[in-house]
Amino acid sequence: MPPKTHHTSVAAIPPEAVWESIQAIRREHDRQLVRWMPHVNLLYPFWARDQFDAALPRLTQACQRIAPFPITLSTFRSFTHRGGRGTIWLDPEPQDAFVALQHALQDAFPEFDEQSRFAHGCTPHLSVGQVATRQAMRGLLTSLQADWTPVTFRLTE
């Protein structure tokens with residue numbers, strides 16, 4: 001099996017037509033803005049780019065079992081990390097559709113179980129920023145939610 005790398009992932013990427021409102025938040029709050037486009041990780045880490053041709057048949061077969069589905073990004077949520085630091089993220093709805101997609105992909109690549117190792121399983125999320133304290137997290141969540149206009153798109157590929 002090829003080694004895993006943190007430089008690639010299998011991810012759901014919103015169409016560029018809906019990026020601007022997401023990117024406006026990420027420009028202010030996300031240290032990963034330059035490294036990654038807006039995305040929802042499904043398998044991460046993944047194989048290096050030179051292994052993509054070998055991965056494609058397994059990815060294609062896994063995804064054929066999942067019909068395209070509409071996505072709405074309307075609610076901000078957060079993860080709290082050690083020391084009170086946090087990650088702010090948009091909750092892609094419906095969660096169950098993303099979880100089904102992630103499970104299908106993980107079934108095709110059982111060695112990539114990092115997204116589902118948590119006690120509550122996989123939590124699909126689109127990260128928009130990081131904060132240093134719980135207080136900052138509460139304030140940013142409130143502010144972002146108050147000004148947010150939900151984004152909707154169809155996940156087709």
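Threonine 87 lies in strand 6 of this predicted model. Because its relative accessibility is 12%, below the 20% limit, threonine 87 counts as buried. Its side chain is nevertheless engaged in a polar contact, made with the side chain of histidine 81 at 2.7 Å. When residues up to four places away in sequence are left out of the count, threonine 87 touches Arg77, Ser78, Phe79 and His81, together with Ser127, Gly129 and Gln130.

The neighbouring position in the sequence, isoleucine 88, is in contact with Phe76, Arg77, Ser78, Leu126, Ser127, Val128, Gly129 and Val131, and also with Met137, Leu140, Leu141 and Leu144, its neighbours within four places in sequence being left aside. Isoleucine 88 also belongs to the largest nonpolar core, which comprises 37 residues, and within which Phe46, Phe76, Ile88 and Phe109 touch the most other members. The element that gives the most to this core is helix 3 (residues 95–108), with five residues.

The sheet that includes strand 6 is open and consists of four strands in the order 7-6-5-8, with antiparallel pairing. Strand 7 (126–131) and strand 8 (151–155) each have a single partner strand and stand at the edges, so that one side of each is left without a neighbour in the sheet. From one strand to the next, the twist averages 35°. The pairing of strand 5 (residues 69–80) with strand 8 is antiparallel and extends over five bridges, and proline 70 stands opposite arginine 154 of strand 8.

Two helices can be described in relation to these strands. Helix 4 (residues 134–147) lies across strand 5, strand 6 (86–93) and strand 7, and runs at about 155° to strand 5. In helix 1 (residues 19–29), the buried residues are Trp19, Ile22, Gln23, Ile25 and Arg26. Seen down the axis of helix 1, these buried residues fall within an arc of 160°, and they therefore line one face of the helix. The partners against which the buried residues of helix 1 pack are strand 5, strand 6 and strand 7, as well as helix 4. Strand 5, strand 6 and strand 7 are thus packed against by the buried residues of helix 1 and are also the strands across which helix 4 lies.

Technical notes. Residues numbered from 1 in each chain as written. Predicted model: local features only at pLDDT ≥ 70, side-chain atom pairs only at ≥ 80, totals over all residues. Heavy atoms only, no water. Pairing = 2+ DSSP bridges. Axes fitted to C-alpha atoms, helices over the stretch in contact; angles between N-to-C directions. Contact = heavy atoms within 4.5 Å. Buried < 20%, exposed > 50% of the residue type's maximum accessible area, 1.4 Å probe, protein only. Arc of directions from axis to C-beta. Polar contact = N/O pair within 3.5 Å; in protein donor to acceptor, adjacent residues only side chain to side chain. Core = buried A, V, L, I, M, F, W, Y, C linked by side-chain atoms within 4.5 Å.
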